[in-house]
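Ready for some practice at reading a protein model? Work through each exercise with the structure open, then check your steps against the solution.

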Amino acid sequence: MSEREFDVVVIGMGPGAEYLAEELAKAGVQVGAIEQRLVGGECPYWGCVPSKMMIRAANLVTEGHRISGMAGSAVISPSWAPVAKRIRDEATDNWDDTVAVDRFTGLGGTLFRGHARITGPGEVSVGDDILRARRGMVIGTGTVPAIPPIAGLAQTPYWTNHEAIETEDVPPSLLVLGGGAIGAELGQVFARFGSSVTIVEGMPRLLPLDEPESGDLVGKVFRAEGITVSTGASAESVRHDGSGFTVTLTGGRQYVADRLLVATGRKTDLAALGVGAIGLDESSRFIDVDDRMQAAPGVWALGDVVGKGAFTHMSMYHASIILGELLGRPRHPAEYHAVPRVTFTDPEVGSVGLTEAEARQRYGDRITTAITQIPTSSRGWIHKAGNAGFIKLVADSERGILVGATSAGPTGGEVLGMLTLAVHAHVPVQRLTEMIYAYPTFHRAVEDALRLL
Ligand SMILES: Cc1cc2nc3c(=O)[nH]c(=O)nc-3n(C[C@H](O)[C@H](O)[C@H](O)COP(=O)(O)OP(=O)(O)OC[C@H]3O[C@@H](n4cnc5c(N)ncnc54)[C@H](O)[C@@H]3O)c2cc1C
């Protein structure tokens, strides 16, 4: 048993915590960091980065198919091998974090491998080591897949995002439980590489956290691409007979597939982390923090574990606020009225702020909305194949500002940038209508929608 003392102890080294730990170390702060898997967390190894490489490849395949009728003809022979290789070699270094570890330790940080458990104020144990934090501890332990209690599921060799990202082969058929962002993105990728994909979503439509128009659009495109989309019924039981899965839904419908991907949400495990030792509620879903990301005296938390949106950009945002606090250069408090999120399906669905339903619940009749369709916009019409999409604006007529927006379509996540700025900075709708929109861009559809408000 050895005891070590640091200025700051960082628990979990996902994207935000890694950035924070490195910046603190650069500033001369003594940092002890603990990571039980890979430094960098879920995003670079099993999340954003490799999944977006898969999506880039899948989109290339589909763009190839779109040549027909617009630019001649092309014979497309998709192969998963270069995708798997790129993920292994370029994204994850074969799931090896040496580069990240060396960068952190090269800055003077100390890394401990293993599962951290908080044992008291300013005290964390990992293996045989006890780390003491002079100034504070930062919790960035993220989330793991939440596996629903479906009869038989636990006994089967189901996939989570880890196996889906690591796979060297495209399964002939794939059943995806969960039609949220992760299920929809990965389902479409495998379908575009030839897998026969079924997505089962218990809610009435895909992307249930987004505007209904988004789920309807993605569902329509998916069906047109040959993906079976089953909504409104949940899986009741799962069986694996040694070679394939059979999933039975409420109501009796059955689906069979070679592989089963469970993408039904994510969860924290605060009890395993021992947060009760610092007076926090271990049965809570997330760590409750104030607008300076502080959970208790000398305790800060960031990223997925605080439940303000499970996005890499959120964990980085939190990290920069905590960095300001710890370096004595406080930044603005955390604000959440303009959180951007992008589902990288094709069409890409970007959204920011409140959905119409959320806005109506909060502001009632003050809410007005407008929708324009991308195919009838100047750029959408030119783009033609693959131009499905829309812009939806949610405005508070009393304040004359946007409180939410969705941008679905080609580069929907990029068009989201200007909408995020508008919602974030409370730019008056009137001012937005006075702006010049470059012709013919996809974001000109925003101007069309503003006219309808
Ligand atoms: C398939 C997929 C695609 C995604 N795509 C996107 C995207 O396109 N854009 C986006 O913004 N977000 C995306 N995300 C979400 C993004 O990956 C997460 O929001 C981000 O990684 C959160 O960072 P974090 O630091 O909170 O947690 P994590 O990245 O989960 O990191 C937490 C780290 O803490 C470690 N840890 C946990 N408990 C302990 C302990 N007790 N002791 C020691 N170490 C511990 C874990 O091993 C882990 O490395 C995606 C996620 C998935 C699964």
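## Exercise 1: A salt bridge and its surroundings

R192 is buried, with a relative accessible area of 8% (buried means under 20% relative accessible area, exposed over 50%, and partly exposed in between, with a 1.4 Å probe and protein chains only). Before going on, note that this is a predicted model, where local features need pLDDT of at least 70 and side-chain atom pairs count only at pLDDT 80 or more, while totals for chains, interfaces and linings use all residues. Residues are numbered from 1 along each chain as its sequence is written, and side-chain values use heavy atoms, with hydrogens and water left out.

Task: find which residue meets the side chain of R192 in a salt bridge.

Solution, step by step:

- Start with the general idea: side chains of opposite charge can pair when their charged atoms come close.
- Apply the cut-off: a salt bridge is a side-chain nitrogen of Lys or Arg within 4 Å of a carboxyl oxygen of Asp or Glu.
- The partner is E225, with 2.5 Å from N to O.
- Now place the two: R192 sits in helix α7, and E225 is in the loop between α8 (212-224) and β10 (228-231), 33 residues apart. Helices here are DSSP runs (H or I, at least four residues), as are strands (E, at least two), numbered from the N terminus.
- Unlike buried R192, E225 counts as partly exposed, at 32% relative accessibility.

## Exercise 2: Another link to helix α7

Task: work out where the two partners of the salt bridge between K52 and E185 lie.

Solution, step by step:

- Check the gap: the closest N and O atoms of K52 and E185 are 2.8 Å apart.
- Look up the elements: K52 belongs to helix α3 and E185 to helix α7 (residues 181-192), so far-off stretches of the chain, 133 residues apart, are linked.
- Compare accessibility: K52 is partly exposed at 26%, whereas E185 is buried at 7%.
- For the whole structure, the search turns up 31 salt bridges.

## Exercise 3: Two helices that cross

Task: describe how α3 and α4 cross, and say which residues make the contact.

Solution, step by step:

- Two packed helices are described by the angle between their axes and the distance between the axes.
- The axes of α3 (residues 48-65) and α4 (residues 81-91) come within 10 Å and cross at roughly 145°. Axes are lines fitted to C-alpha atoms, for helices over the stretch in contact, and angles run from 0 to 180 degrees between N-to-C directions.
- The crossing is right-handed (the near helix is turned clockwise from the far one by less than a right angle; anticlockwise would be left-handed).
- On the α3 side, the contact uses V49, P50, M53, M54 and A57; on the α4 side, V83, R86, I87, E90 and A91. Contact means heavy atoms within 4.5 Å.
- Sorted by class, that contact has eight nonpolar, no polar and two charged residues. Here Ala, Val, Leu, Ile, Met, Phe, Trp, Tyr, Cys and Pro count as nonpolar, Asp, Glu, Lys and Arg as charged, and the others, Gly among them, as polar.

## Exercise 4: Track down the disulfide

Task: find which cysteines the disulfide joins.

Solution, step by step:

- Searching the whole structure gives one disulfide (a pair of cysteine sulfur atoms within 2.5 Å).
- The disulfide joins C43 to C48, with S to S at 2.4 Å.
- The link of C43 and C48 is left-handed, with -135° about the S-S bond.
- C43 is buried at 11% relative accessibility, while C48 is partly exposed at 27%.

## Exercise 5: Around Y45

Task: decide whether Y45 is buried or exposed, and list what Y45 is in contact with.

Solution, step by step:

- Locate Y45 in helix α2 (residues 42-46).
- With 6% relative accessibility, Y45 is buried.
- Leaving aside neighbours within four places in sequence, Y45 is in contact with L38, V39, G40, P50, T92, W95, D96, D97 and I165.
- Take D97 from that list: Y45 and D97 are 52 residues apart in sequence, and their C-alpha atoms are 9.1 Å apart.

## Exercise 6: Backbone oddities

Task: find which residues the cis peptide bonds at P347 and P440 join them to.

Solution, step by step:

- D346 is joined to P347 by a cis peptide bond, with omega about 10°. P347 lies in the loop between β18 (340-343) and β19 (348-353).
- Y439 is joined to P440 in the cis form too, with omega about -15°.
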